[in-house]
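These are my notebook entries from going through one model, written in the order in which I looked things up.

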Amino acid sequence: MRITLERSNLLKSLNHVHRVVERRNTIPILSNVLLRADGTALAMKATDLDLEITEETPANVEQAGATTVPAHLLYDIVRKLPDGAEVFLATTPDGGTMTIASGRSKFSLQCLPEADFPDLTAGTFSHTFKLAASDLKMLIDRTQFAISTEETRYYLNGIFFHTIEAQGDLKLRAVATDGHRLARADIKAPSGSEGMPGIIIPRKTVGELQKLVDNPEATVTIEVSDAKIRLSIGSIVMTSKLIDGTFPDYQRVIPTGNDKEMRVDCQTFAQAVDRVSTISSERGRAVKLALTDGQLLLTVNNPDSGSATDELAVSYESDAMEIGFNAKYLLDITAQLSGTDAVFLLADAGSPTLIRDTAGDDALYVLMPMRV
């Protein structure tokens with residue numbers, strides 16, 4: 001293999017694919033990225049056996065060929081080359097090493113044969129549809145913070161995507177929960193998604209996807225089966241296994257009878273929660289919300305260091321009540337709201353609270369209270 005290509009193109013593609021590669025691997029080939037030069041492009045592929053990303057980048061190919069080299073090492077080398085540089089890649093005739101040359105810099109990397117590189121065979125997909133990258137980004141951004149990190153309930157370690165009839169329309173819905181909070185976001189179901197199986201996209205795949213949908217103008221082609229998902233964005237193709245489990249019936253935990261409504265300026269509220277939670281020794285400490293007519297008092301007590309209070313004017317006309325929440329969870333949710341006001345629908349101190357946005361996007365949040 002002998003090719004020349006722009007550093008910027010090579011770096012951009014490596015940046016997308018190298019992140020999939022785990023830094024510690026018991027299987028040496030999984031530390032490598034597969035490079036395949038053919039025609040006028042260099043194709044790169046990296047995998048951790050659950051997730052695979054491939055991307056093509058333009059290249060001047062003198063001699064076609066394929067090999068695999070350490071992914072993080074290659075990325076670090078290319079990253080440290082000067083802007084605007086041209087990079088020359090060539091393998092030795094026996095395929096044992098690859099030379100990377102640019103200007104006066106020259107590196108030699110050990111190769112492993114292309115034949116050993118695993119292929120995440122996708123099989124057949126039952127449903128294919130297209131989404132605007134901005135819509136997919138919204139669904140992920142609004143829900144991913146609520147993904148559980150608890151390995152025992154593995155079926156909560158991802159975002160649940162499914163289609164559902166809501167307000168007379170078919171919606172594509174994303175849901176994530178960790179048992180303490182729940183986030184739900186909807187968009188109009190795209191053509192082709194009707195009847196798709198409900199799928200749970202793993203946390204790592206969600207994280208990588210979030211970085212790939214950075215261009216709001218792009219269109220994402222999504223292919224789905226019971227076990228895998230494949231997403232194509234421009235020259236990037238990402239294939240991932242899905243979580244093999246049943247997502248719980250989340251509808252049951254969304255309260256319908258919460259009749260006490262509090263409206264508060266979202267930014268002012270978030271800043272006040274952040275201020276009073278400074279006193280707590282850990283971010284997860286409860287903040288108490290005491291509601292009276294038109295008034296909200298936030299309190300945090302920490303037996304080791306002291307206490308803090310803050311007062312806000314709110315729109316609230318129901319009976320006085322007190323309720324406690326995890327301060328970090330409140331901040332996570334308010335960070336997702338795009339409207340000026342946050343709407344809290346409360347029942348009592350022991351029941352889940354519903355939080356909505358006033359911006360009119362189809363997102364809602366459920367938060368379990370804490371004892372205070």
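I began with a single residue pair: the bridge partner of Gln295 in β21 is Ala313. The model I am reading is a predicted one. Widening the view from that pair, I found that strand β20 (residues 295–302) and β21 run antiparallel and are joined by eight bridges.

Next I looked up the sheet around them. Four strands make up an open sheet, ordered β21-β20-β19-β23, and their pairing is antiparallel. Because β21 (306–313) and β23 (321–326) stand at the edges, each with a single partner strand, one side of each has no neighbour in the sheet. I noted an average twist of 20° from one strand to the next.

I then asked myself which strands helix α5 touches as it packs on the sheet. Helix α5 (residues 266–276) touches β19 (286–292), β20 and β21, and its direction makes about 170° with that of β21. For helix α6 (residues 327–336) I recorded that the helix lies across β19 and β23, and that it runs at about 85° to β23.

My next entry concerns a pair of helices. Two packed helices are described by the angle between their axes and the distance between the axes, so I looked up both. The axes of helix α3 (residues 133–143) and helix α4 (residues 203–212) come within 10 Å and cross at roughly 135°. That angle makes α3 oblique to α4, and I noted the crossing of the two as left-handed.

Which residues meet where α3 and α4 are in contact? On the α3 side I listed Leu136, Ile140 and Asp141, which meet Val206, Leu209 and Gln210 in α4. Sorted by character, the residues of this contact divide into four nonpolar, one polar and one charged.

The last entry follows one residue, Thr221, which I placed in strand β15 (residues 219–224). Leaving aside residues up to four places away in sequence, I found that Thr221 touches Thr128, Phe129 and Lys130, and also Arg230, Leu231 and Ser232. With which side chain does the side chain of Thr221 make a polar contact? The partner is the side chain of Lys130, at 3.4 Å. I also looked up how Thr221 stands relative to Glu151, which is 70 residues apart from it along the chain, and noted that their C-alpha atoms are separated by 30 Å.

Conventions
Residues are numbered from 1 along each chain as its sequence is written. This is a predicted model: local features need pLDDT of at least 70, side-chain atom pairs count only at pLDDT 80 or more; totals for chains, interfaces and linings use all residues. Side-chain values use heavy atoms; hydrogens and water are left out. Axes are lines fitted to C-alpha atoms, for helices over the stretch in contact, and angles run from 0 to 180 degrees between N-to-C directions. Angles under 35 degrees count as roughly parallel, over 145 as roughly antiparallel, 65 to 115 as roughly perpendicular and the rest as oblique. A crossing is left-handed if the near helix is turned anticlockwise from the far one by less than a right angle, and right-handed if clockwise. Contact means heavy atoms within 4.5 Å. Ala, Val, Leu, Ile, Met, Phe, Trp, Tyr, Cys and Pro count as nonpolar, Asp, Glu, Lys and Arg as charged, and the others, Gly among them, as polar. A polar contact is a pair of N or O atoms within 3.5 Å; within protein, one must be able to donate a hydrogen and the other to accept it, and residues adjacent in sequence count only if both atoms are side-chain atoms. Two strands pair if DSSP finds at least two bridges between them.
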